[in-house]
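Please open the model in your viewer and keep the selection tool at hand. The stops below go from single residues to groups of residues and back again.

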Amino acid sequence: MARRRWPGHLLLVGVALLPAAALAAGAWRDTLGANPIETLTHQTGLWTLRLLLATLAITPLRQLFGWSWLAPYRRTLGLLAFSYVSVHFSIWLGLDLFFDWQAAWEDIVERPYITAGMTGLLCLLPLAITSTRGWIRRLGRRWTVLHRLVYVAALAGIVHFLWQVKADLREPLVYAAILAALLGARMWRAWVAPRLRQRSA
């Protein structure tokens, strides 16, 4: 069964990497605008957030519509999100700060939006490490609890975006609304729906 899913996973990875390929081509052709580093940083951050929200949408879609075929792709989407956030961080550290670790530490401590972004990255790091089947077996039920950090990572990413934007808040607020809807669906499924069933029984 797992082998049958490989084409789907490969297609998903290929589609998800298209934005990265477009950015690389733009950097090569020097068509990323007046501040290419800012463009690269912004776009990789956006795609991190989009892929995280897509990851979180898998379970509600599966529960609401019975799309059980989506479940195996959740881990792939999560790893793709981690890949983008790793590139996002590397661009900031390498191209923006030239690997000045002291300046990076000062930014993390003194600039709240960077603190939020780093929080999101640190939440995703253990999730990427423990995404293998071996770690799933070792951790057992604790794996599910640990991987709820993805919600914290998504929230930190949205706060990072909101605090970074100085004028037009519409785009980060759209992502915030999507995350709120996904959290609301999870809360309904976990707490409200069981109580309603108990009352009607």
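Is L162 buried, partly exposed or exposed? Before selecting anything else, bear in mind that this is a predicted model. L162 lies in helix α9, and its relative accessibility of 24% makes it partly exposed, because buried would require a value under 20%. If you display the surroundings of L162 and set aside neighbours within four places in sequence, the residues in contact with it are L169, P172 and L173. Now add A176 to the selection: it stands 14 residues from L162 in sequence, and the two C-alpha atoms are 9.1 Å apart in space.

**The aromatic rings**

Next, show the aromatic side chains, among which a search of the whole structure finds four pairs. Start with W67 and W69, whose ring centres are 6.4 Å apart and whose planes make an angle of 35°, so that the pair is classed as tilted. W67 is partly exposed, at 35% relative accessibility, while W69 counts as exposed, with a relative accessible area of 55%. Adding F65 to the view completes a cluster, as ring pairs link F65, W67 and W69.

Then move to F161 and Y175, a tilted pair with 6.1 Å from centre to centre and 40° between the planes. This pair links distant parts of the chain, for F161 belongs to helix α9 (residues 149-164) and Y175 to helix α10 (residues 170-200), 14 residues apart. Both F161 and Y175 are buried.

Two further rings deserve a selection together with an arginine. The charged end of R50 sits over the ring of W47, at 4.7 Å from the ring centre, and the charged end of R138 sits over the ring of W135, at 5.0 Å from the centre of that ring.

**The nonpolar core**

Which residues have the most contacts inside the largest nonpolar core? They are L51, L52, L56, W92, L124 and Y175, in a core of 38 residues. Colouring by helix is helpful here, since at least two residues of this core come from each of α3 (36-65), α4 (73-96), α5 (101-110), α6 (112-129), α9 and α10. To look at one member more carefully, select L52, which, apart from neighbours within four places in sequence, is in contact with A81, L124, V150, A153 and A154.

From there, go to M118, which is found in helix α6 and counts as buried at 14% relative accessibility. With neighbours within four places in sequence left aside, M118 is in contact with F89, W92 and I108. For a sense of scale, draw a line from the C-alpha atom of M118 to that of R75, which is 43 residues away along the chain; the separation is 21 Å.

**The largest pocket**

R75 also leads to the next stop, as R75 is one of the residues lining the largest pocket. The space in this pocket amounts to about 1000 Å³. Of its 33 lining residues, the closest to the centre are A71, R74, R75, T76 and W143. Several helices take part in the lining, with at least two residues each from α1 (2-16), α3, α4, α6, α7 (133-139), α8 (141-146) and α9.

Keep R75 selected and add S131, which is placed in the loop between α6 and α7 and is buried, at 8% relative accessibility. Not counting residues up to four places away in sequence, S131 touches R75, L79, I136 and H147.

**Two loop residues with positive phi**

Most residues other than glycine have a negative phi. Where does D30 lie? D30 is in the loop between α2 (18-29) and α3, and its phi is positive, about 60°, although D30 is not a glycine. At 62% relative accessibility, D30 counts as exposed, because the cut-off for that class is over 50%.

The last selection is F99, in the loop between α4 and α5. F99 likewise has a positive phi of about 60° without being a glycine, and its relative accessible area of 53% makes it exposed.

Terms used. Residues numbered from 1 in each chain as written. Predicted model: local features only at pLDDT ≥ 70, side-chain atom pairs only at ≥ 80, totals over all residues. Heavy atoms only, no water. Phe/Tyr/Trp six-rings, centres within 6.5 Å; stacked < 30°, edge-to-face > 60°. Buried < 20%, exposed > 50% of the residue type's maximum accessible area, 1.4 Å probe, protein only. Helix = DSSP H or I, 4+ residues; strand = E, 2+ residues; numbered from the N terminus. Lys NZ or Arg CZ within 6 Å of the ring centre and 35° of its normal. Core = buried A, V, L, I, M, F, W, Y, C linked by side-chain atoms within 4.5 Å. Contact = heavy atoms within 4.5 Å. 1 Å grid on protein atoms, 1.4 Å probe; cavity = no way out; pocket = protein on both sides within 12 Å on 5 of 7 lines; lining within 4 Å. Points joined across faces, edges and corners; volume = space filled by probe spheres on them.
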